[in-house]
Structures are given as C-alpha cells and as structure tokens.
Amino acid sequence: MRVYNFSAGPSAMPESVLKRAADEMLDCSGSGMSVLEMSHRSKAFSAIIEDAEALLRELMGIPDNYKVLFLQGGGSTQFAMIPLNLMKKKKIDICVTGQWAKKACQEAQRYGEVHIVGDSSDKKYSYIPKLDPTTFDSQADYFYICQNNTIYGTRYSRLPQTGSVPLVADLSSCICSEPVDVTKYGLIFAGAQKNLGPAGLTIVIIRQDLISEPMPFTPTMLQYKIHADNGSMYNTPPTYSIYICKLILEWLRDEIGGLEAMKQINMRKCGMFYDYLDSSDMFRATVQGEDRSMMNIPFVTGDQELDAKFISEAAAAGFVNLKGHRTVGGMRASLYNAMTIEGVEKLIGFMKAFEAANAAK
Ligand SMILES: *Cc1c(COP(=O)(O)O)cnc(C)c1O
C-alpha cells in the first residue's frame with residue numbers, strides 16, 4: 001500500500017510518473033536498455049535532455065536569452081557557485097528569511113561584501129520582512145532571496161523591486177508550483193528533489209549576460225560558462241534524474257494542464273489545509289497572512305507530547321513524514337505538486353478525528 005507522503009524533500013512523485021519509469025526500466029523507447037545504462041552522449045539520451053529543456057522552457061515561459069543548465073551538487077552548491085560567478089564589484093544585497101538564505105549568505109561572505117537588507121530571525125523566521133527599496137544598493141552585483149522557505153513555511157507574495165540589479169532566487173521548494181515571470185529574475189535555481197524529480201539534479205535558469213568569467217580561482221566544475229558552453233555535458237550529467245524530471249514535466253503539461261492549472265490545484269490544497277488549521281481548537285499554523293507558503297505548512301498543537309502522539313498515530317494511519325524540521329519542532333505538511341487533493345482531504349479528516357478523540361475534557 002502506498003502512503004500519503006508529506007515529506008519536505010525528497011518528496012512524493014506523481015504515481016503515473018513512477019509507473020511509466022517502471023515500464024521503461026528495462027527498455028526505454030525501443031533503445032533496448034534502461035536510461036540508467038545509456039551513454040550521456042547517445043542519441044537516445046540527447047533526446048531526453050533536449051525534451052526536458054524544451055518542456056521546462058514551454059511550461060515556465062523561459063525566454064531565449066536565458067540558459068537552462070542541468071547540474072549536480074544540490075541547491076547548496078549554488079550558494080557558492082552564484083558568488084563565484086556573479087560577484088564582480090564584490091558586493092551583494094541579501095534578505096535572510098531562514099536557514100537556506102542564511103547558508104547562502106555565509107557562503108557569499110567568503111567572497112565579498114554582503115549587505116543584509118532584511119532578516120526575520122527575531123521571530124523564528126515566521127514572516128517575510130517588509131523591505132525598503134531605498135536601503136537597496138543600486139551598485140550591488142545581485143540581490144538574493146530564498147523565495148519559498150521550506151523549513152519555516154513562508155514565501156514572498158511580491159518580489160522585491162531591485163531595478164537594474166539582477167534578482168537571484170532560490171526556488172528549490174516552489175519551482176513549477178505556479179507560473180512565474182522569468183524576466184523578473186537574473187538567475188533562478190532549484191534542487192529538483194522537492195517539486196521536479198529525484199535528488200541529484202539541480203536546475204539553473206540564468207540570463208545569458210550574467211554568464212561571464214568567474215573569479216580566477218573558481219574550480220572548472222563551478223563555472224556557469226563551462227556548463228553553458230557544453231550544453232550541460234561538460235561531464236556526465238545526472239542522467240536518470242534528468243529523465244525522471246522530463247517525465248514530471250510531461251505530467252505537468254499533459255495531465256495537469258500547465259502551471260496555471262497547477263497553481264489552482266495547489267491553492268485549493270493549501271486553502272483547505274489553512275482553513276482547517278484556522279478553525280481548529282487543537283492545531284494552529286505558525287505563519288499568518290500573506291506570507292504563508294503554498295508548499296510547506298508548519299503547524300503545532302502547543303503541547304510537545306500531543307505533537308509526538310499525533311505524528312506517530314498519523315504515521316500508523318498512512319500519513320507519513322509530518323514531523324516538523326528539527327529546528328522548529330511541531331509538524332509540517334509539505335503539499336508539493338505531486339500531493340493530491342484527495343491526500344490533503346484525507347489528512348484533514350484524520351486530524352479532525354484526532355482532535356475529537358484528544359480534545360481537552
Ligand atoms: C532543500 C533546499 C535547499 C538545499 O538543497 P540541497 O539540494 O539539499 O543542497 C536549498 N534551498 C531550499 C529553499 C531548499 O528547500
């Protein structure tokens with residue numbers, strides 16, 4: 001029996017994608033072999049990576065003056081790769097909205113001056129700071145944000161207005177959950193394992209004019225230019241992860257109907273869940289208002305023992321990976337693209353029953 005998997009990442013995948021991958025495990029598209037066995041230089045694999053890029057471009061509306069790179073090293077490698085390649089005047093603006101932004105901040109500090117324009121650590125990153133554009137540095141190399149904060153369940157409902165300074169954004173936990181205007185960004189990156197596929201693949205969407213000579217000591221593998229010039233084939237790319245990503249993008253286009261349709265489904269899922277949390281006498285969301293994430297929803301009962309009881313009874317009933325991040329505690333439900341409306345309805349039903357059975361007498 002498959003469970004309802006609310007993991008923050010790696011996370012649930014569409015069942016039809018897993019079935020298709022299983023069907024093609026021994027023989028992919030008449031090649032007589034598994035994608036796992038293919039040369040990355042083969043015709044069959046070239047078709048897969050080209051399709052993946054074309055699908056992503058179509059779904060996200062990525063203009064021709066942006067490159068799409070299929071890399072490795074996870075989101076975390078981008079924390080170094082971005083400053084190494086984009087810091088020219090060696091100063092950037094950053095807004096620190098959680099652990100991932102903080103890690104990006106600390107990594108950038110190794111290479112230049114980092115100006116923190118906003119920081120929500122005072123309230124455990126439970127909100128997105130209101131930013132004042134007059135405090136932004138118009139000479140900064142770029143302005144960095146983490147658009148959806150996986151651990152704390154916040155997201156930007158509006159992008160900062162950075163003028164001619166390129167906006168660089170970590171979309172690891174929200175990419176393809178809704179349409180975005182790619183032209184508003186200089187660089188978007190995302191580890192695939194939350195919304196786009198298996199671990200091991202990192203997608204970078206970068207405006208071409210930002211691809212230039214990196215800092216002189218930059219390792220070859222950390223140079224955007226090398227990967228762009230070689231069509232993400234400078235070395236062996238994560239072939240199987242790219243193949244699964246392609247299947248997920250096909251699912252998004254053909255079964256869901258694109259990113260606007262995906263957004264409607266995601267809004268329905270998180271809307272139902274927040275509505276329930278807001279009406280519950282036992283559970284409450286830790287984030288309020290417009291900063292609430294559509295993908296990751298932390299919640300608590302206010303009683304650690306009750307939280308633990310809930311997590312263990314939920315797991316026994318087939319609702320797994322609901323434990324909150326170790327630094328936040330409580331619970332977190334990640335409602336990524338592959339989580340179905342039915343899965344969310346069932347979880348709410350379970351929570352109502354738990355609430356009734358454990359209500360203070
Ligand atoms: C998961 C995550 C990361 C880290 O990704 P890795 O692939 O594990 O390095 C970075 N940023 C955000 C927003 C994430 O959710």
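In this predicted model, the shell around the ligand draws most heavily on helix α3 (residues 74-86), which supplies 4 residues. By class, the shell divides into 3 nonpolar, 8 polar and 2 charged residues. Of the 13 residues around the ligand, those that come nearest are Ser-76, Thr-150, Asp-170, Gln-193 and Lys-194.

Polar contacts to the ligand involve both backbone and side-chain atoms, as the following table sets out.

| Residue | Protein atom | Ligand atom | Distance |
|---|---|---|---|
| Gly-75 | backbone N or O | oxygen | 3.0 Å |
| Asp-170 | polar side-chain atom | nitrogen | 2.6 Å |
| Gln-193 | polar side-chain atom | oxygen | 2.9 Å |

Gln-193 thus appears both among the residues that come nearest to the ligand and as a side-chain partner of a ligand oxygen atom, at 2.9 Å. The ligand taken alone exposes 390 Å², and the protein buries 86% of that area.

A separate topic is the open sheet of 3 strands, whose order is β11-β12-β14 and whose pairing is antiparallel. Strands β11 (284-285) and β14 (331-334) form the edges, each pairing on one side only. Between β11 and strand β12 (residues 296-300), the antiparallel pairing runs over 2 bridges. Within this pairing, Arg-284 has Val-300 of β12 as its bridge partner. Helix α7 (residues 259-279) packs on the sheet and touches β11, β12 and β14. The direction of helix α7 makes about 15 degrees with that of β12.

Notes
Residues numbered from 1 in each chain as written. Predicted model: local features only at pLDDT ≥ 70, side-chain atom pairs only at ≥ 80, totals over all residues. Heavy atoms only, no water. Near = heavy atom within 4 Å. Polar contact = N/O pair within 3.5 Å; in protein donor to acceptor, adjacent residues only side chain to side chain. Areas by Shrake-Rupley, 256 points an atom, 1.4 Å probe, with all protein chains shown as cover. Nonpolar A, V, L, I, M, F, W, Y, C, P; charged D, E, K, R; others polar. Pairing = 2+ DSSP bridges. Contact = heavy atoms within 4.5 Å. Axes fitted to C-alpha atoms, helices over the stretch in contact; angles between N-to-C directions.
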